[in-house]
Amino acid sequence: MSTLQRNTLIGLAASILLAGVKLLAGIFGRSTALIADSIESLADSIGSLLVWQALRVAARPADERHPWGYGKAEAVASLLTGVLLLAAAVLMTVESIHEILIPHQPPAAWTLLLLAAVTVIKELLFRFMMKDAAAETSDAATADAWHQRSDAITSAAAFAGVSVAVWGPDLCGLPALIFADEAAAILASGIILLTAWKLAGPALSELLDADAPHLADTLRATAAGVPQVQCVEKVRVRKSGAGWLAELHIQVDPELPIRVAHAVGGQVRAELRTTVPGIRDALIHV
């Protein structure tokens, strides 16, 4: 089992457990924000399952039908995760507006302790998972880590909203502050929408084979430094899972024997894979 797969399982177990606890606490503690937060955690759990499967698929070696490998399975998982977060945000907003229209009692004060604990746990999970995701340049694992951060944000927003709803009406003499619980849920929905776009954007770029100009410049400079390379004409790169695939056109002395020119191309390929982080493979045209 890879490190990223292990991290995904840890995040999945934590999300399922905390989602169940928050749902029960929201029901018995009369907190709309807490119930909405549990819905977001449930979306996280489904997203973690998608990422887990995507990482398993992406780890498969290339074959005749998929000569470039299965790396884009990670981008598909990231895109689906963004869609799930979008759906969760819409559901949270609708439920919050519905609760505003119905008179109800303020949330129970003890729900604040649970929300504080959940916020801390989720933030620690985000930092733990993000470290390995960044090291492996995995979009799917990054998306999974951001699940935990988005859950921490919604829990923090719920904590603020529940605090105002519990203490605000008596301290300020404003009964309407009871709806701060629902307002926090709506605010958290907006934050989740931003997170969904942050995940879906890079995934769409990868699926559409978007170029990476800065990486292309690095590859061009690296290839140009190889002995007997006179010019680097074309450089194309595309993301595929936890790495990049490159294609370069180089010029050498036309008087070189074909065998020597071919060897120069092999040296360029080896140099790119060795010195440029994230390059899984490179196709060199001489």
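**Exercise 1. Which residues does S96 touch, not counting residues up to four places away in sequence, and is S96 buried or exposed?**

Solution. Begin with the contacts in this predicted model: S96 touches T32, E182, A185 and I186, when residues up to four places away in sequence are not counted. Next, place the residue itself, which lies in helix α3. Finally, turn to its accessibility: a residue is called buried when its relative accessible area is under 20%, and S96, at 0% relative accessibility, therefore counts as buried.

**Exercise 2. At what angle do the axes of helix α2 and helix α3 cross, and how do the residues of their contact divide?**

Solution. Start with the two helices, α2 with residues 32-58 and α3 with residues 73-100, whose axes come within 9 Å and cross at roughly 170°. Then compare this angle with the cut-off, since angles over 145 degrees count as roughly antiparallel; α2 is therefore roughly antiparallel to α3. As a last step, sort the residues of the contact of α2 with α3, which divide into 18 nonpolar, 4 polar and 5 charged.

**Exercise 3. Where around the axis of α8 do its buried residues lie, and what covers them?**

Solution. First describe the helix: α8, residues 258-275, has 18 residues and reaches 26 Å from its first C-alpha to its last, which is close to the 26 Å expected at 1.5 Å a residue. Second, list its buried residues, which are A261, V264, G265, V268 and L272. These cover an arc of only 100° around the axis, and so they are on the same side of α8. A general rule helps in reading such a list, because an α-helix has 3.6 residues a turn, so residues three or four places apart point the same way. Third, look at the face turned away from the buried side of α8, which carries the exposed residues R259, H262 and T274. Fourth, name what covers the buried residues of α8, which includes α7 (213-224), β2 (244-251) and β3 (279-285).

**Exercise 4. In which loops are R30 and D209 found, and what is the phi of each?**

Solution. Take R30 first: this residue is found in the loop between α1 (3-28) and α2, and its phi is near 60°, a positive value in a residue other than glycine. With 40% relative accessibility, R30 counts as partly exposed. Now take D209, whose place is in the loop between α6 (180-207) and α7. Although D209 is not a glycine, its phi is positive, at about 55°, and with a relative accessible area of 38% D209 is partly exposed.

Notes
Residues are numbered from 1 along each chain as its sequence is written. This is a predicted model: local features need pLDDT of at least 70, side-chain atom pairs count only at pLDDT 80 or more; totals for chains, interfaces and linings use all residues. Side-chain values use heavy atoms; hydrogens and water are left out. Axes are lines fitted to C-alpha atoms, for helices over the stretch in contact, and angles run from 0 to 180 degrees between N-to-C directions. Helices (H or I, at least four residues) and strands (E, at least two) are DSSP runs, numbered from the N terminus. Angles under 35 degrees count as roughly parallel, over 145 as roughly antiparallel, 65 to 115 as roughly perpendicular and the rest as oblique. Ala, Val, Leu, Ile, Met, Phe, Trp, Tyr, Cys and Pro count as nonpolar, Asp, Glu, Lys and Arg as charged, and the others, Gly among them, as polar. The expected span of a helix is 1.5 Å times one less than its number of residues. Buried means under 20% relative accessible area, exposed over 50%, partly exposed in between (1.4 Å probe, protein chains only). The arc is that of the directions from the helix axis to the C-beta atoms. Contact means heavy atoms within 4.5 Å.
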